[in-house]
Amino acid sequence: MSNKYGVRPIVGIDFRIGARCLYIGIAKSNQGFLHLNQFLSFHNTENSKLPEEAPELEDVYFIYPFSRIQELNKTTFRPDEYIGIKPQDLLRFSYSPLRHTMKRCLALCPWSFGGKMHFNLHRLLRAIDGNTLLSKLHKEDQGEETEIIRSRETMIQLYQDFPELLDNAYQLLDSCTIHFDFSPNRPSQNLKTYSGSREKDRSLLHQLCEEKLSYRYPSMNSVVLNRLEKELGLIDQMNFISFFLVNWDIITYAQHKGYYHVGRGSGANSIVAYLLGITDVDPIELDLYFERFMNLYRVNPPDFDIDFSTWDRPDMTRYIFDRFGKNGQCALLAAYSTFQYSAAVRELGKVFGLPKHEIDILSDGKVQYEKLDHIAQLILRYAKRMENMPNYLTVHAAGILISEQPIHYFTATDMPPKGFPTTHFDMHVAEDVGLHKFDILGQRGLGKIKDTLEIIRYNQPDIPPIDIHNTKPIMLDPKVNATVKAAQCIGCFYVESPAMRNLIKKLEVDNYLALVAASSIIRPGVAQSGMMREYILRHKDPERRKLAHPVLWDIMPETYGVMVYQEDVIKVAHHFAGLTLGEADVLRRGMSGKFRSREEFQQVKDQFVNNCRGKGYSDQLTMEVWHQIESFAGYAFAKGHSASYAVESYQSLYLKTYFPLEYMVAVLNNGGGYYRPELYVHEARMCGAQVVTCCINKGHWQTTIEGKTIRLGFQLVLNLEHDLIMQILDERNQHGEFKSFDEFLDRVVISKEQLQLLIRIGAFACLGLDKRKLLWQALFNAQHETSLPQQYKLFREERKQFVLPELPVTELENAFDQLELFGFFLIDPFRLGKNMDSYIATTASMMPERINKLFRVVGYLIAIKNTRTSKGDAMQFGTFIDRDGHWIDTVHFPPVSKQYPFKGKGLYEIQGIVRDDFGALNLEVQTMQKIPFMDDPRYV
């Protein structure tokens, strides 16, 4: 540990049940800390009660508070056990037989609070934790107010009658030594070797790269070989070989299981990662900035964020723990959930017993502090102190640690519901000690790609196998690029949102490299800094490019001198401001909120300004460039990261272009995307599908396709139970299709409510019976609702049959049942508007003729994006489809938003001015009214 402040740390664990202290374990050494962590972790994992007396652990001292010794009536002690005497215990100790065992006794003065204010805050936190009023907080559930730091002189005075207690305490502490390296050049604590030795690791890495060279680069050249040689040398020099091989191992297992993945992060800038299959991004083709991926000034290994399908990720996590964690060397990384101000106000309001309406007023923040009563002022003051304090431990979204030492060498662990041990510290502390995480994430986009390929195999079995990872032909495919240029990207990863769809139109994206840029430009930091607009202007107008500073143009010619990617921060800091690569990386991390020292970050900022002045730049230019860095660096993507996203986008665009129906089925089965399922059903129809409802004889839990007919899955029906559908499918698989409604009731245990859902959604239409008759019969046979185990009947029991009048069900009734149970109609919603003939029949295709002119159109609402202006006023962006099923994008500025608010999903008549925003047309709304649907015939 650092000796910067001249403090020699002693570490240990205060073992408690609730607030009651059992004993305190003090580590004599790092091994003692390991044993303490193992002991605590075992009880955390097993959820077992701590023993009343401490176990004997190697290199550990245990100190019992004097009061605990009396409770236990303990009279014999091991050599590692001591009795802690607090100042308030001294009088009783002087009359206790324990004073005769002085060598086992020592001074115990816990320091829990910095003063009265900290003690008050502690009591408030204990009340929050116990979900109780402060006035009802029991004394035994809180610490002692006397547990404050005391000077050496005060300690000598307190223990003047028993100076031996202080001597024994100092003697114990002097025998303890623990060391962790937090220095800037600290060694990595990750798994040091993959195969057991560095030589074998080095040989394996070189061999793997050589084996894949011809696959990745059929036309090899000196640029590729030189880049590979440079990377391998630096990876070896910085001891990162095992880090690459562990990632390769993870990917190899995924490929063996048929799991799809995307490797992204700064590691995507690496040719070694490309050859190992960790990423599908070619750093030579994209001219990815090597120094963003690795340089001699960078202590941390490169970032590899590896995405798997949401469904595959749990098995990948299990594999990593099985493969690398057999000796306790694996753990999930924790994260700190902190108190936010408004939430802290609410928690404190409850602790002080305020009524809800008063808490709402205080948490809103729009109050005058001086006019509040004493309690309300206390709440606000302490809420401010609680802001950003840790509240509880949660699990990092992706981080897994694989260490050389057992994880318990560094920390105790908990066992959260995920079922894997989890650390007690976050990524920043882990990095400080030299533990660097592996990021294993889940996303639905990969599930869509994998499922589409499986659906193609059964729906179009004559199609040859598709190598979706061979992306270069996909990126050059003219049909795929035409799909991109037309922004026909619904369901496709990262490119389907209204904002991205419009950006693609503005930039006229028709190739992979342009999509890489768009994937980073869309990030909020680039837009907020004004760089998105400037990039578009320079992209469209070559004359505008002349405004770029010559140095910035030389650094970033590909993006017209505009900072678009995260590594542009490093380039500008290094080449424009003359910072070292190490200083530039501190700047990048600081902008991302990942700095560990604000002081260090401020020094780099000052160095940036001073260097720019030394180069003769004006303060105006210097601060303009600094503002651009400051406003977007925390949100921008690394270019390799954007490239990885664009690879997945192109894979999904390829499938959408050539197999649109299969792809839409996969989208629905993977939970959709940016939009609700309704839009993906609509998109399937636009691509030529016939969409039909669920069926007890043909349907499945998931949506399926046969030819061009898409049958919706039962999973889309609201409130329909999964276990019931599994029972129906099992019964159907074992004993064949259901031939009649009565037979279905004989074979399936089902409640009246679930049966009605199936009837109303049309699942029995295959039996040729209308819904009304079935609903009547279901009510009559309500006695079939049972919780008894189902037994297959050898002989069918004839049911009483009734002659019912004709009870026809209209298409309109079916539509409203669909709206209630699916959340959308299976027919054109424009057929359901009341008096639709009285509304104008314009469509989005007419908008190019009405630029800067008034335009009126009827649209069906798809999505709303709420946002605020720079002044804080609420406004919206709307997304509609017209009568032909095509997009209408709308802008609702604050006055219009306030006067003509959205009123839920449905049809709207919209009037406004058509605006051309760099080729993307939108309607600047002036008036808007909702068109009511026809009356629901089920209730009229």
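Which residue in strand 9 is the bridge partner of L332? The structure shown above is a predicted model, and in it the bridge partner of L332 in strand 9 is I400. This pair belongs to the ladder between strand 8, residues 330-338, and strand 9, residues 390-402, which pair in the antiparallel sense over eight bridges. Strand 9 also pairs with strand 10, residues 438-443, again in the antiparallel sense, here over two bridges. In that second pairing G399 stands opposite D439 of strand 10.

A pair of helices may be considered next. Helix 13 comprises residues 341-351 and helix 14 comprises residues 356-364; their axes come within 9 Å and cross at roughly 150°. An angle over 145 degrees counts as roughly antiparallel, and helix 13 is therefore roughly antiparallel to helix 14. The crossing of these two helices is right-handed. On the side of helix 13, the contact is made by S342, V345, R346, G349 and K350, and on the side of helix 14 by I359, D360, L362 and S363. Sorted by class, the contact of helix 13 with helix 14 has three nonpolar, three polar and three charged residues.

The N-terminal numbering leads to an open sheet. Five strands form this sheet in the order 1-2-3-4-5, and their pairing is mixed. Its edges are strand 1, residues 12-17, and strand 5, residues 105-107, each of which pairs on one side only. On average, neighbouring strands of the sheet are turned by 30° against each other, with direction ignored. Within the sheet, strand 2 (residues 20-27) and strand 3 (residues 60-65) pair in the antiparallel sense over four bridges. There I26 stands opposite Y61 of strand 3.

Helices accompany this sheet. Helix 1, residues 30-46, packs on the sheet and touches strand 1, strand 2 and strand 3; the direction of helix 1 makes about 20° with that of strand 1. Helix 6, residues 163-174, lies across strand 2, strand 3, strand 4 (81-85) and strand 5, and runs at about 90° to strand 5.

Residue Y61 also has a place among the aromatic pairs, of which the structure holds 40. The ring centres of Y61 and Y82 are 5.7 Å apart and the ring planes stand at 80°, so this pair is edge-to-face. The pair links distant parts of the chain, with Y61 in strand 3 and Y82 in strand 4, 21 residues apart. Y61 thus appears twice in this account: it stands opposite I26, and its ring pairs with that of Y82.

How many strands make up the closed barrel that runs 14-15-16-18-17? The barrel has five strands, and their pairing is mixed. From one strand to the next, the twist averages 50°. One of the pairings joins strand 16, residues 887-892, to strand 18, residues 920-931, in the parallel sense over two bridges. Within strand 18, E924 is the bridge partner of V891.

Which helix lies across strands of this barrel? Helix 20, residues 498-507, lies across strand 15 (874-881), strand 16, strand 17 (907-917) and strand 18. The direction of helix 20 is at about 105° to strand 16.

Conventions:
Residues are numbered from 1 along each chain as its sequence is written. This is a predicted model: local features need pLDDT of at least 70, side-chain atom pairs count only at pLDDT 80 or more; totals for chains, interfaces and linings use all residues. Side-chain values use heavy atoms; hydrogens and water are left out. Two strands pair if DSSP finds at least two bridges between them. Axes are lines fitted to C-alpha atoms, for helices over the stretch in contact, and angles run from 0 to 180 degrees between N-to-C directions. Contact means heavy atoms within 4.5 Å. Angles under 35 degrees count as roughly parallel, over 145 as roughly antiparallel, 65 to 115 as roughly perpendicular and the rest as oblique. A crossing is left-handed if the near helix is turned anticlockwise from the far one by less than a right angle, and right-handed if clockwise. Ala, Val, Leu, Ile, Met, Phe, Trp, Tyr, Cys and Pro count as nonpolar, Asp, Glu, Lys and Arg as charged, and the others, Gly among them, as polar. Rings of Phe, Tyr and Trp (its six-membered ring) pair if their centres lie within 6.5 Å; planes under 30 degrees apart count as stacked, over 60 as edge-to-face and the rest as tilted.
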